[in-house]
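Dear colleague,

I am passing on the structure we spoke about, and I would be glad if you could read the notes below with it open in front of you.

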Amino acid sequence: MAKKASRKELAESIFYEPLPVDARITLEQQSHILGSTTKNLNKDENFLIEYMKPKTVADTEELTAQFKKNFPLKNNKTLKDNKSKRTKKKLLTSIEKRKLGLHKLPKTGIKYASLAPLHQLWVEYMENNLNLEISATGANKDGLYQKIAKADYHGCLLMVTRSKCPSYIGAKGIVVQETKNTFQIICEEDKLKIIPKRDSVFTFNISRWTFTLFGNHMNIRPSERASRKFKSRPTIDL
Amino acid sequence: MYFAATNGGGAPYFISKMNMSGKKTNTSGSDGFQRLNFLYQASIVALNAVPHCPQITSVFGKNMISIGKKLQLKLDHSVKRTICKGCKVLLIPGKSVEVKIKPIPASRKRKSRRGNQRKIQEWKCMLCSCVKQFVLNPGYSLWAEQNMDST
């Protein structure tokens, strides 16, 4: 028994340190201010009233009346209820589209190497579409030019050769998105570059032919380009 | 890798006709169909390449639908059913859709006995939670598919 007691004392001495002096003093002071709490601790209400008495001008009756008032808490809805309830099951509002990130692609996260099969598919599509052996060597190339203008460029390996803004020159990559005014390209450093079409000249290769696109004349949405009839111009300005 | 997207009529379209002399000529609208075909295949490839960013496939889906509207080309049922109506993402069961089978909702039930036993296959897009519902009817085949079998 004595051993157990001594063990306990040992444990207590190791684990429980006495309070620092400052803390002990403040606690004693506080208990003094509050009054000895052991007196009227039958109900919590009494304690509250005892606490509030020296701080307010009110009587005990008024205080008890105040404490008996019921404060209804604010009706806090969970996050699920707070979400905008969609009335239409199928269509999305533009705010929702923006939240989902459908308009903007992430700037990092898409790797250049993973888009290689997409580029191969594009090359196959263009070779089948343009029929280059026949059309490139023929005399009348209008049909070929029409097809190039109407073709789809997602997955094309574009390079900017000439541009009014010198920082765009030399940008090279696979097209991921085409909008009315821009080409969005993933370059070899796995970054998304947004290159405006205006005042830029792009080139791309298919087997042994190179093609140039004048960005100024391509400022059209890709879907509308499919039905556009391009007029031939005598001179092409940058 | 190439497969043909059929037009709305039911018979498969031919990309290029052969002339009497053996030269290839183009049918009307063949360019647009080629483009739709390419876009659909590209969206599948893109989803495999970048599975954590399905927003890329929504770019392709949007283009497909708008080109179809501009050139007045109809997408085949098998293609259209795999494009989400809300966000235009490519839907692959398990990857970008949750497919569930549910009992037919009370609002659609008919008073006949057959109507009450129908079930619905519900496709819920994982991105935008837009829902596509197909009534499961074992004996039913689409008009387009019927024509293809007969001709």
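Glu122(B) stands opposite Gln133(B), a residue of strand 5 of chain B, where strands (E, at least two residues) and helices (H or I, at least four residues) are DSSP runs numbered from the N terminus. This is a predicted model, in which local features need pLDDT of at least 70 and side-chain atom pairs count only at pLDDT 80 or more, while totals for chains, interfaces and linings use all residues. Residues are numbered from 1 along each chain as its sequence is written, chains are lettered from A and ligands numbered from 1 in the order in which they are written, and side-chain values use heavy atoms, with hydrogens and water left out.

Strand 4 of chain B is joined to strand 5 (residues 131–136) of chain B by six bridges, and the two run antiparallel; strands count as paired if DSSP finds at least two bridges between them. These two strands form a hairpin with five residues between them, and in the turn Ser129(B) has a positive phi of about 55 degrees. Strand 4 (residues 119–125) of chain B is also joined by seven bridges to strand 3 (residues 97–103) of chain B, again antiparallel, with Lys102(B) opposite Ile120(B).

The second largest cavity also involves this hairpin, since strand 4 and strand 5 of chain B are the elements that give two or more residues to its lining. A cavity here is a set of points, on a 1 Å grid over the protein atoms alone, where a 1.4 Å probe fits but cannot get out, and lining residues have an atom within 4 Å of a point. Grid points are joined across faces, edges and corners, and a volume is the space filled by probe spheres set on the points. There are two cavities of 30 Å³ or more, and the second largest holds about 30 Å³. Its lining includes Trp123(B), Cys125(B), Cys130(B) and Val131(B).

In chain A, an open sheet of six strands has the order 4-3-2-1-5-6 with antiparallel pairing, and its edge strands are strand 4 (192–196) and strand 6 (209–214). Strand 1 (residues 157–163) and strand 5 (residues 200–206) of chain A share four bridges, and Arg162(A) stands opposite Val201(A). Helix 7 (residues 116–130) of chain A lies across strands 1, 2, 5 and 6 of chain A, at about 85 degrees to strand 5; contact means heavy atoms within 4.5 Å, and axes are lines fitted to C-alpha atoms, for helices over the stretch in contact, with angles from 0 to 180 degrees between N-to-C directions.

With best wishes

Conventions. On a 1 Å grid over the protein atoms alone, a cavity is a set of points where a 1.4 Å probe fits but cannot get out, and a pocket is an open set with protein on both sides within 12 Å along at least five of seven lines; lining residues have an atom within 4 Å of a point.
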